[in-house]
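Work through the two exercises below with the sequence and the coordinates open beside you. Each task is followed by a solution that goes step by step.

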Amino acid sequence: MSIELATAPDKRLTTLREGLEQDIKPLGDRYTDDHLPLDMLPGLVQTLYGHGYPTDSSDEVASAMASEELARVFPSLEGCLMISQACAHYITDAGPPELRDRAAPRLLAGEQIGCVASTEPNHGSNNAAMETRAVLRGDEYVINGRKRWISNADISDYAVVLCRVGTDSRPELRPIIVERERSPYRTRDLPKLGLKAFVTSEIIFENCRVPRENCIGPAGSLKNLQLIFKKLQWSRCRMAVISLGIARAALEASVIYARKRRQFGRPIGEFQLIQDKIYMMATEIEASRLLIHRALAAIQEDRRSDREASMAKAYATEMAVRVTSEAIQIHGANGLSPDYPLERHFRDARALTIAEGTTEIHKLVVARSVLGLSAFR
Ligand SMILES: Cc1cc2nc3c(=O)[nH]c(=O)nc-3n(C[C@H](O)[C@H](O)[C@H](O)COP(=O)(O)OP(=O)(O)OC[C@H]3O[C@@H](n4cnc5c(N)ncnc54)[C@H](O)[C@@H]3O)c2cc1C
């Protein structure tokens with residue numbers, strides 16, 4: 001069974017949902033502790049397109065609805081594709097023309113994998129203090145530094161790396177596109193609690209030489225920072241979409257269970273305390289979806305969206321932790337068993353309050369925008 005969207009579901013979404021249920025869900029249930037074999041990806045992407053998963057994000061809200069469907073059955077796969085898409089967007093929006101033609105289509109087709117690297121061992125929330133440096137030597141930038149917890153990095157062909165670029169006195173933050181085959185970097189897998197098929201890794205840059213034109217934007221331009229913020233807001237919303245899909249899977253499993261499981265001679269779904277949980281889960285899922293769609297619409301229309309994206313990201317990812325936790329409760333001891341998917345949904349949801357900025361940081365962004373006072377120094 002499936003919980004319908006507040007708005008009337010269109011036929012394409014229903015077709016996509018049925019296709020994903022049939023072809024992708026079995027893989028989502030299978031690859032819970034291992035990485036998905038890389039050579040399966042291009043075929044899977046073609047399968048997704050065949051079922052109506054959009055090939056681009058020209059309509060952000062429609063793309064988010066499709067991504068929610070994929071995240072409902074295989075959140076790690078949606079995470080992997082979304083991050084590759086984020087990398088492709090940097091290349092298409094601001095990369096050198098030669099890479100735009102060569103790299104972006106292959107990234108979007110799942111034939112190659114991209115990552116976006118900001119977090120470092122010593123700088124996570126405070127990424128403005130990052131230490132990875134890129135120094136211009138002739139026609140190349142030479143990158144030195146370490147990035148940590150980078151989605152897709154271990155399997156990546158391209159990395160968009162946020163670096164300090166320029167002189168010691170005035171280094172500015174700029175994204176540099178690194179093509180792994182031409183400019184090798186080392187990676188190391190970092191296992192984690194949930195979303196285990198969504199690879200996270202350390203990247204080590206040691207005198208990594210990258211063509212000068214791969215450094216995005218003109219030096220000293222405010223546009224570089226604006227581009228980074230805009231991309232961040234997009235990926236925050238899309239991380240929130242993954243939470244939404246996970247929460248929906250947990251709610252749907254709970255509805256089935258609450259109808260079937262009997263105690264005291266009645267289905268447990270007839271008990272009002274269980275109904276209260278179902279109310280909370282369904283309502284918070286709808287509220288999250290509306291916040292996410294509103295933020296994505298603002299991004300699409302090029303309106304200011306920092307407050308909206310942070311509200312959506314913080315609310316939806318925390319919502320998924322609450323919803324998956326209540327789903328475990330509804331399932332009783334079975335909820336804790338790996339024979340049921342609930343403990344996996346909970347572990348997956350738990351990872352997302354940290355990825356793409358922690359809840360605490362998003363609360364500070366929202367409060368700064370509402371109050372006009374900043375907690376950041
Ligand atoms: C699944 C996953 C995928 C990820 N993918 C990527 C990726 O693709 N690219 C990338 O660059 N990074 C990625 N990350 C890293 C992620 O962005 C960082 O983990 C996150 O920004 C937090 O940084 P940190 O872990 O260093 O925590 P820290 O910044 O050290 O924070 C530790 C704690 O202190 C709190 N804190 C920090 N500052 C404040 C403050 N001012 N006020 C209140 N509380 C504060 C935080 O909220 C947190 O609770 C990923 C992480 C995960 C879990």
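A polar contact is a pair of N or O atoms within 3.5 Å; within protein, one must be able to donate a hydrogen and the other to accept it, and residues adjacent in sequence count only if both atoms are side-chain atoms. The model is predicted, with local features needing pLDDT of at least 70, side-chain atom pairs counting only at pLDDT 80 or more, and totals for chains, interfaces and linings using all residues. Residues are numbered from 1 along each chain as its sequence is written, and side-chain values use heavy atoms, with hydrogens and water left out.

**Exercise 1.** Determine which residues come nearest to the ligand, and describe its polar contacts.

*Solution.* Start from the 20 residues around the ligand (a heavy atom within 4 Å), of which Ser 118, Thr 119, Ser 125, Ser 151 and Thr 358 come nearest. Next, take the atom pairs: a polar backbone atom of Ser 118 is 2.7 Å from a ligand oxygen, while a side-chain N or O atom of Ser 151 is 2.7 Å from a ligand nitrogen. The side chain of Glu 360 places an N or O atom 2.8 Å from a ligand oxygen. Finally, the protein buries 67% of the 980 Å² that the ligand exposes when taken alone (Shrake-Rupley method, 1.4 Å probe).

**Exercise 2.** Establish how strand β3 is paired on the side of β2 and on that of β7.

*Solution.* Strands are DSSP runs of E with at least two residues, numbered from the N terminus, and two of them pair if DSSP finds at least two bridges between them. First, β2 (residues 133-137) pairs with β3 (residues 140-151) in the antiparallel sense over 5 bridges, with Val 135 opposite Val 142. Then β3 is joined to β7 (residues 200-211), also antiparallel, by 9 bridges, where Lys 147 has Ile 203 as its bridge partner.

How values were computed: Helix = DSSP H or I, 4+ residues; strand = E, 2+ residues; numbered from the N terminus.
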